[in-house]
Amino acid sequence: MMKRLFVTGVPVTGNDFAGRKQELRAIRHFLQNGQSVVVIAPRRFGKTSLILTILQELQKSGSYVADVDLFTILNKKRLAEAIVEKTLENKKIESIVSRIKKGVSQVVKNIEMKQVIEDYQLVLKFAEPHVSLDDLLEAALDFPQKFAEKEKRDIYFFYDEFGDVAKLDGDDLIKLMRGKFQRHSNVCYIFAGSHESLMNELFTKRKSAFYKFARIIYLEEIASPDFADYIRKRFKQEGIGMSDEAIKGIIGKTRCHPYYTQLLCGFIHYIIAGKKKKVEQGDIEDGYEEAFISEKTYLEKLWEELTVGQLETLFRITSSESLYSNETRTNVGRSVKSLLFKGIIKRTGRGKYGIIDPFFEEFLRRNR
Ligand SMILES: Nc1ncnc2c1ncn2[C@@H]1O[C@H](COP(=O)(O)OP(=O)(O)OP(=O)(O)O)[C@@H](O)[C@H]1O
Ligand SMILES: [Mg+2]
């Protein structure tokens with residue numbers, strides 16, 4: 001295995017996973033008691049990492065697990081396929097649906113696959129040219145339950161980026177899912193999503209389809225003592241010393257945001273690897289500049305998606321100016337509302353707001 005240090009861009013588990021003890025414990029507890037769970041947090045806060053960590057544990061202890069990332073699913077047919085494929089992977093059967101689509105005769109030559117086809121006739125439907133998509137999707141949504149019953153083992157099913165379900169055809173699909181999921185006594189569901197307002201819309205509004213279906217877990221930044229321990233340990237493994245001040249310097253810049261903290265540590269390590277045995281303040285500054293540049297495209301894109309009014313409001317927040325200084329009250333109110341909705345800012349007190357992404361905050365400061 002390749003040595004990986006301060007990984008970003010992919011979900012992290014095992015040695016790369018820091019803190020989150022309480023969240024792990026809470027989610028584990030709910031799931032083990034058959035309570036479905038939804039994890040809501042801004043982008044890059046570690047939702048996927050957290051759930052994959054739990055799924056790995058569950059799998060190790062003999063449970064069936066499956067995960068479908070709705071971000072990557074572009075239509076209902078693909079959704080149906082993914083649900084069935086991922087469920088069947090628990091029997092060490094991979095890509096059976098896509099193989100069947102290429103030709104049933106090849107697949108049945110494999111004894112294990114043949115058995116799966118006999119047990120689960122649904123997989124053959126994916127090869128039929130005139131099958132009704134609605135029927136197929138309905139059957140696929142129920143498939144994890146059928147599978148769990150037949151195999152006599154419960155299954156934990158993870159829908160990542162669940163907010164994206166709206167793009168597949170909104171309300172009807174969501175209602176269909178809810179109607180089915182609540183009858184699945186052998187499936188426990190885990191949902192995650194970044195678009196907080198959308199997720200709240202789905203799970204917390206009295207009128208919404210998933211109201212009270214899942215226990216809600218809001219993720220914050222990683223607790224600073226936990227992140228400090230992790231950073232110290234990882235640098236030490238590389239033979240690099242890290243003082244408390246240095247750690248404070250890092251966390252001060254990233255505010256324990258999971259992604260940016262890993263990113264910054266990665267750049268600091270890159271800068272000093274093979275040259276020094278100790279991280280100093282200057283290395284943190286240098287690492288920060290490089291990390292910042294590496295995020296430029298992402299930050300520019302965030303910026304471009306905002307209106308002038310929203311940017312003006314953000315500038316005021318970054319410089320702690322009063323939001324409502326003049327007659328523009330209603331406009332500011334509107335901007336605040338949309339920025340909250342987009343998950344760019346969060347409320348930190350009465351009439352007070354903070355920018356969630358620490359690098360975007362710096363980007364705003366530098367580009368005012
Ligand atoms: N518990 C953790 N310990 C250390 N680093 C973490 C942790 N969780 C997340 N990270 C860092 O943040 C990055 C993003 O994590 P992850 O993909 O799980 O977040 P996400 O909330 O699912 O993001 P997205 O909104 O892009 O789907 C990881 O690549 C890793 O660098
Ligand atoms: Mg994710």
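Me: Helices (H or I, at least four residues) and strands (E, at least two) are DSSP runs, numbered from the N terminus. Which helices each supply at least two residues of the shell around ligand 1?

Reply: H2 and H13 do. This is a predicted model, in which local features need pLDDT of at least 70 and side-chain atom pairs count only at pLDDT 80 or more, while totals for chains, interfaces and linings use all residues. Residues are numbered from 1 along each chain as its sequence is written, and chains are lettered from A and ligands numbered from 1 in the order in which they are written.

Me: What makes a residue part of the surroundings of ligand 1, and which come nearest?

Reply: A residue is near a molecule if its C-beta atom, placed from the backbone, lies within 6 Å of it. There are 23 residues around ligand 1, and Ala18, Gly46, Thr48, Ser49 and Pro258 come nearest. By class, this shell has 11 nonpolar, 8 polar and 4 charged residues (Ala, Val, Leu, Ile, Met, Phe, Trp, Tyr, Cys and Pro count as nonpolar, Asp, Glu, Lys and Arg as charged, the others, Gly among them, as polar).

Me: Which domains does the shell around ligand 1 draw on?

Reply: At least three of its residues come from each of domain 1 (20-218) and domain 2 (224-294). The bounds come from an automatic or database domain assignment, which also gives domain 3 (305-366). The C-alpha centres of domain 1 and domain 3 are 37 Å apart.

Me: Why is the crossing of H13 and H14 called right-handed?

Reply: A crossing is right-handed if the near helix is turned clockwise from the far one by less than a right angle, and left-handed if anticlockwise. H13 passes H14 in the right-handed sense. The axes of H13 (residues 258-272) and H14 (residues 281-294) come within 8 Å and cross at roughly 115°, with axes fitted to C-alpha atoms, for helices over the stretch in contact, and angles running from 0 to 180 degrees between N-to-C directions.

Me: What makes E2 and E5 edge strands?

Reply: Strands pair if DSSP finds at least two bridges between them. Strand E2 (64-69) and strand E5 (215-218) each pair on one side only, in an open sheet of 5 strands with the order E2-E3-E4-E1-E5 and parallel pairing.

Me: How do you know that E1 and E4 pair?

Reply: 4 bridges join E1 (residues 37-40) to E4 (residues 187-193), so the requirement of at least two is met. Isoleucine 40 has glycine 193 in E4 as its bridge partner.
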